[in-house]
Structure formats: C-alpha cells, structure tokens
Amino acid sequence: MDTGSIAWGITATALVLVMTPGVAFFYGGLVKAKSVVSMMMMSFGALGLISVLWILYGFSMSAVDSPWQFAGNPFADFGLGALATGADSNTNLLGATYGATFAIITVALISGAIADRAKFGSWMIFAGIWATLVYFPVAAWVWGGGWIMNLGDTLGLPGVIDYAGGTAVHINAGAAALALALVLGKRVGFQKGITKPHNVPLVLMGAAILWFGWFGFNAGAEWLNGLANVGLIVVNTLGATAAAIIGWMVVEKFKDGKATSVGAASGAVAGLVAITPACANLEPGWALLLGVVAGAVCALAIELKFKLGFDDSLDVVGIHLVGGVIGTLYLGFFAIDTGLFTGGGFGQLAVQAIAAFSVLVYSFVIAFVLGFVIEKTIGFRIKSEDELAGIDTVVHGEEGYALDRV
C-alpha cells in the first residue's frame, strides 16, 4: 500500500487505542471517589489482556472460510508468526492491530454496568473468556466472512450494514452489560441518585477523548478502501454526535428542569454509538436526524433501570445497547439507496434486525451464564461492607485522591 494509506492506518489505530483510556476517564468520573481507581483499572486491565489474546489467537478466530463456520481456527496463526513473514506483512499486521483496538474497547465498555462492586480478578477472567466465546466469533460473523456478512446473499436481500460496530461492538457490549448487572445485583442502597459523579471534568475529558478517537474508529478502515468515503464518514461522525448532544439536553431540560454537562457528555457518546454502524451509508441530513433521535431516546432509556429494577451503574445498556440498536435499525429506513424511505424496500430493515437481535441474544446468554458461574464459584461481587468502605483500597490498595488531612 502507499505510504499515505499506511500512515493513516497507524494514526487510526492509535486513535482507537486511546479511546479505551477515554472510557476509563469517562467511567472514572461518573463513579464515587472511592471507586475511581477500580473503575479505571477495569479498562486498563482489558487493554492489557485482550491485546495479548488477540495476538495469540483472537485475530485468527475473527475470520472464517465459510459463512456458517462459528469462528476461525484459533491455532491457524497462533501468535501471528505467519502474518509477520508474508509478502504483505506490513499491511496485514497493521490491519490485525487495528482490529485489536476494537476488541479492547468492546470489552472495556461492559465494565460500566458493574461499577463499585466487582472483583478485579473475576472481571479479568470474565473479560478473557467472554472475548474468546463472544467478541472474536461475532467479529468473524460481521466482518470476517461469517453469516451476518453474507446474510443478504443468503436471503436474497441487501447486505447487512455495520460499518464500524453497531452489532459487533455496542449491541454486543450492551447485552453483556445487562447480563452482568443482573448477575451481580444492585449496589447497596440502590435508588435514583445513589451516586453522583464525583468528578465532572473527568467525565467531560473522557467524552472528549472518545469523540477524538472515534474519527479513527469510524474512518479508520477507509485506509483499506483508498479513503473513498472518508469525507462522508467524518462529517457524519461530527454531525450525528453534535445533534445527539442537543437531543439529550432538550429531553433533560423538559424532564429534570436543567441541562447538565454530564448529560451533554452522555449525549455525545449516544450519538457516537448510533452513527457507528451507519457512518458510511447515510446522507448528512439523515445523520443529523439519527443523532437527535439517539440522544433523546437514550436520555429516556437510562431511566429504565429504575423502573425495571436492574442496576446498570453507568448506563451501558441505556446508551450502548439502545444506541447501537437505534443506529443499526435506522439504516433499514434511511441507508443510501437501500433504506425503506431512500429508494429501497423492507429488505434492509429485515437483515439489520436479524443481525442486531441475534448478536444481542447470543451475547446476553453467554455473558449471563459465564457471570453466574464465576459468581457461584470464585465470586464476582465484593462484600457489602467492602463496597461501603471503598473498593479502591480493598481491591487495589490505592486511593484515587491522596489528600492531606488538616
């Protein structure tokens, strides 16, 4: 490949990698001061573990030879030795590294649902097994020649559109987050307003890093396509996200009487989630509408945990699962040339729905079973007294803020 495309590939990989520390800052600011180290460590733990697993066997599992193959052979290129010695080793290894960054952040996103109450060791065991059984195969289904990638041909309909991970990343992580929230149960004293963000600037900084990195997340893969659609992807990543901030704040103003900075940051993330699968297949005007819808609906969806009684601590379900479903299904109505209202029929909506809900159900079931087994064997949740005392000192022996006492 030409040097310019390779340079963009490296840049995009770095942009997506920095999104996981962005998640750590975003989540870390949202929890109480005694949980910030634990919350951020879950993201950094995922960064370390999933990187290693991806190089060892995850990349090999993420591509299949047949649409009906569950996943690739994990030992096909164990440790990427063959990829490193091929004729196109630079391009291939760069593509593998770019794929690793998606796996890392998908796992890290799940952790927000179990803030304040999860054992770090148990989380790491869950993260490694879930990535192996769920993320690596689903990546093969969506992008690596699997059944979702070929669903349109199988049914004689348009192909599934998931440019950057509405199903593989956000629905996948959101469904797993819901499962773990149910397995671990509610925090001590769970109720509306149980924990106010302890550091709002940290939340805003995390959201800013995420938005910055998301340009690599959405536009990064264009280095393999000669940057053909990069302009459309970039403007949609900006527009949908900005519109979602407005949608969230309007709902917040009517619902609570005030528009908040945490709401604006959450709206931005909701918009980023929704535009992820659709960034290369919407005209900019429809992307703006998607952002408004995603911001408004996700602002309402985060209240579901109080009505339904599950403790999704940092609204992974309300933002990533709901936002991912919205963005994926929205393509069925407004995708360029194939959407119901843009020249196509119901076929695009049908394949989008099949893909979205298949991944949702599969991820939820595996995550629930895995979380349940861990909880009943080595334990997943910390003791209630340790939760009240502060998980940072109990689990990690550290404090987020070592302040002198006068």
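Which helix is the place of Asn172? Asn172 sits in helix H7, which covers residues 166-184. Keep in mind while browsing these views that this is a predicted model.

**View 1. Asn172 and its surroundings in helix H7.** Start with how hidden this residue is: Asn172 has 0% relative accessibility, so it counts as buried. Its side chain reaches back to the backbone oxygen of Ala168, at 3.0 Å. Setting aside neighbours within four places in sequence, Asn172 is in contact with Trp130, Val134, Tyr135, Val138, Thr167, Val359 and Ser363.

**View 2. Helix H5 and its bend at Ala131.** Helix H5 takes in residues 120-143, and at Ala131 it bends by about 45 degrees. How many of the 24 residues of H5 are buried? The count is 17, so H5 is largely enclosed by the rest of the structure. Look past the helix and you come to Gly145, which follows H5 and has a positive phi, near 90 degrees.

**View 3. Phe126 meets Phe380.** Aromatic pairs come to 23 in this model. One of them joins Phe126 and Phe380, with 6.1 Å from centre to centre and 50 degrees between the planes, which makes it a tilted pair. Why does this pair tie together parts that are 254 residues apart in sequence? Because Phe126 lies in helix H5, while Phe380 belongs to the loop between helix H14 (347-377) and helix H15 (384-389). Are these rings buried or exposed? Phe126 is buried, with a relative accessible area of 0%, and Phe380 also counts as buried, at 0% relative accessibility.

**View 4. The tilted pair of Trp141 and Trp147.** Here the ring centres of Trp141 and Trp147 are 5.9 Å apart and the planes make an angle of 55 degrees, so this is a tilted pair. Burial is defined as under 20% relative accessible area, and Trp141 comes in at 7% relative accessibility, so it counts as buried. Trp147, at 16% relative accessibility, counts as buried too.

**View 5. A cluster of aromatic rings.** Which residues do ring pairs link into a cluster? They are Trp54, Tyr57, Phe59, Tyr135 and Phe136. You have already met Tyr135 in View 1, as one of the residues in contact with Asn172.

Conventions:
Residues are numbered from 1 along each chain as its sequence is written. This is a predicted model: local features need pLDDT of at least 70, side-chain atom pairs count only at pLDDT 80 or more; totals for chains, interfaces and linings use all residues. Side-chain values use heavy atoms; hydrogens and water are left out. The bend at a residue is the angle between axes fitted to the seven residues ending there and the seven starting there. Helices (H or I, at least four residues) and strands (E, at least two) are DSSP runs, numbered from the N terminus. Buried means under 20% relative accessible area, exposed over 50%, partly exposed in between (1.4 Å probe, protein chains only). A polar contact is a pair of N or O atoms within 3.5 Å; within protein, one must be able to donate a hydrogen and the other to accept it, and residues adjacent in sequence count only if both atoms are side-chain atoms. Contact means heavy atoms within 4.5 Å. Rings of Phe, Tyr and Trp (its six-membered ring) pair if their centres lie within 6.5 Å; planes under 30 degrees apart count as stacked, over 60 as edge-to-face and the rest as tilted.
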